[in-house]
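Please open the model in a viewer and keep the selection panel at hand. The tour below proceeds one selection at a time.

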Amino acid sequence: MRYITNLETDATYNIAMDAWLLNTLQPKEAIFVIWQNRKAVIVGQNQNTFAEVNQEYVEANDIQVVRLVTGGGAVFHDLGNLNFTFIVPVANSATVNFKKFVEPMLRALHALNIPAELSGRNDLMLDGKKISGNAQRYANGYLMHHGTLLFDSKIDDMVHSLNVADEKFISKAAKSVRSRVGMIKDYAPEGTTVKTFYDALVYELSNHGVDREIILTPEQLAEIKTLQERQFSQWDWNYGKSPISNFHNHAKFEGGIVDVYAQVENGMIKALRFEGDFLGLHDLAPVITALTGQLFNKKAILVQLQALPYRDYFGTISIEEIASLFVPIRE
């Protein structure tokens, strides 16, 4: 694959580049970018930032907080972490096979004698420990598949940043995370650094250096910078405001966590918001439009969802599972 070199470590710029690549570049063939962020918490598009981030800790430690244009859960990035993005022409989002698009990275890891495996809905694993999480978004005939690679990240920063927890639980949480999260450095050949790992991945993914680098023009770089400043550096995007609601329901399904917030008046949905770490390919705006103004009951919600390509919005979560959330909770 051809590739773009991005040495920027500002998360607001790098997430803007991901969005620009998906919506604007329009390459004729698959491309990739491997990049890094300095300390940052990256939240999924459908998550409540306030619920995911320890605000006091991130402010005290100069940790950026940036929202993606894709789903999935919140993750911590630092310079011990590599991130990868694939932009792939795909004619129809209905044909998207998640595993197919993580395979290039899996092959690259295997070529470096790192015995990674694909597990669950979006994870790369080593020795039963998670080393990567992935997410996707489809737009205008292109699929963006991006993810993390934990090379030698700081567990303590990760735990403090992502969990608003009583201090007495922090050490226990860090121990738990260490038991579930692996670091690639521990499985890589001796002497491997994050820089040599980066170089080796670029070499493998670019067909052993045969496929050429794509050089973005000054005009294209300026467009990314504008997107960074207008959207991904803004509080309204990264934190935002939830609609006023008088109903909330929460569930954890095999395909991810979903929270629904609704303002209901006279039995009708007046405002609606979904949050969670589910892996949809498209923005939820069409779903919100279809359900707003409908009767607040499971049957009415099912009828509306059945008219939509719901897997584009909620991944492997079924319409029956989504509709089951629209039942008043009795204390």
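Begin at N207 in this predicted model: the residue follows helix 7, and its phi is positive, near 60 degrees. Next, select helix 7 itself, residues 194-205. The helix has twelve residues, and from its first C-alpha to its last it reaches 16 Å, close to the 16 Å expected at 1.5 Å a residue. Show the side chains of F197, Y198, L201, V202 and L205, the buried residues of helix 7. Because these residues cover an arc of only 135 degrees around the axis, they lie on the same side of helix 7. The spacing has a general background: an α-helix has 3.6 residues a turn, so residues three or four places apart point the same way.

Move on to helix 8, residues 218-232. Its 15 residues reach 20 Å between the first and last C-alpha, close to the 21 Å expected at 1.5 Å a residue. Which residues are buried here? Colour I224, Q228 and F232, which are buried in helix 8. Viewed down the helix axis, the buried residues of helix 8 fall within an arc of 45 degrees, so they line one face of the helix. Then rotate to the face turned away from that buried side, where the exposed residues P218, E219 and R230 are found. To see what the buried residues of helix 8 pack against, add helix 1 (11-25), strand 4 and helix 9 (235-238) to the selection.

Strand 4, residues 64-67, is the next stop. Q64 and V66 point one way from the strand, whereas V65 and R67 point the other way, and all are buried. Bring in strand 3 (residues 40-43), which pairs with strand 4 in the parallel sense over four bridges. Within this pairing, V65 in strand 4 has V41 opposite.

Now select strand 9, residues 129-139. Is this strand largely enclosed or open? Nine of its eleven residues are buried, so strand 9 is largely enclosed by the rest of the structure.

Strand 9 can be followed into two hairpins. Select strand 8 (residues 123-126) for one of them: strand 8 and strand 9 run antiparallel and are joined by four bridges. L126 stands opposite K129 in strand 9. Two residues lie between strand 8 and strand 9 in this hairpin, and D127 in the turn has a positive phi of about 55 degrees.

For the other hairpin, select strand 10 (residues 142-150), which pairs with strand 9 in the antiparallel sense over six bridges. A135 has H146 in strand 10 as its bridge partner. Here too, the hairpin has two residues between strand 9 and strand 10, and N140 in the turn has a positive phi of about 55 degrees.

Finally, display the whole protein chain. Its secondary structure comes to 13 helices and 13 strands. The radius of gyration is 20 Å, close to the 20 Å that the globule rule gives for 331 residues, so the chain is as compact as a globular protein of that length. Along the principal axes, the C-alpha trace spans about 65 × 50 × 35 Å.

With colouring by burial, buried residues make up 52% of the 331 residues. Among contacts with a separation of 6 or more, 70% are accounted for by residues 24 or more positions apart. Switch to a surface display to end: the accessible surface of the protein chain comes to about 15,900 Å², and 50% of it belongs to carbon and sulfur atoms.

Key: Residues numbered from 1 in each chain as written. Predicted model: local features only at pLDDT ≥ 70, side-chain atom pairs only at ≥ 80, totals over all residues. Heavy atoms only, no water. Expected span 1.5 Å × (residues − 1). Buried < 20%, exposed > 50% of the residue type's maximum accessible area, 1.4 Å probe, protein only. Arc of directions from axis to C-beta. Rg over C-alpha atoms; globule rule 2.2 N^0.38 Å. Contact = heavy atoms within 4.5 Å. Areas by Shrake-Rupley, 256 points an atom, 1.4 Å probe, with all protein chains shown as cover. Pairing = 2+ DSSP bridges.
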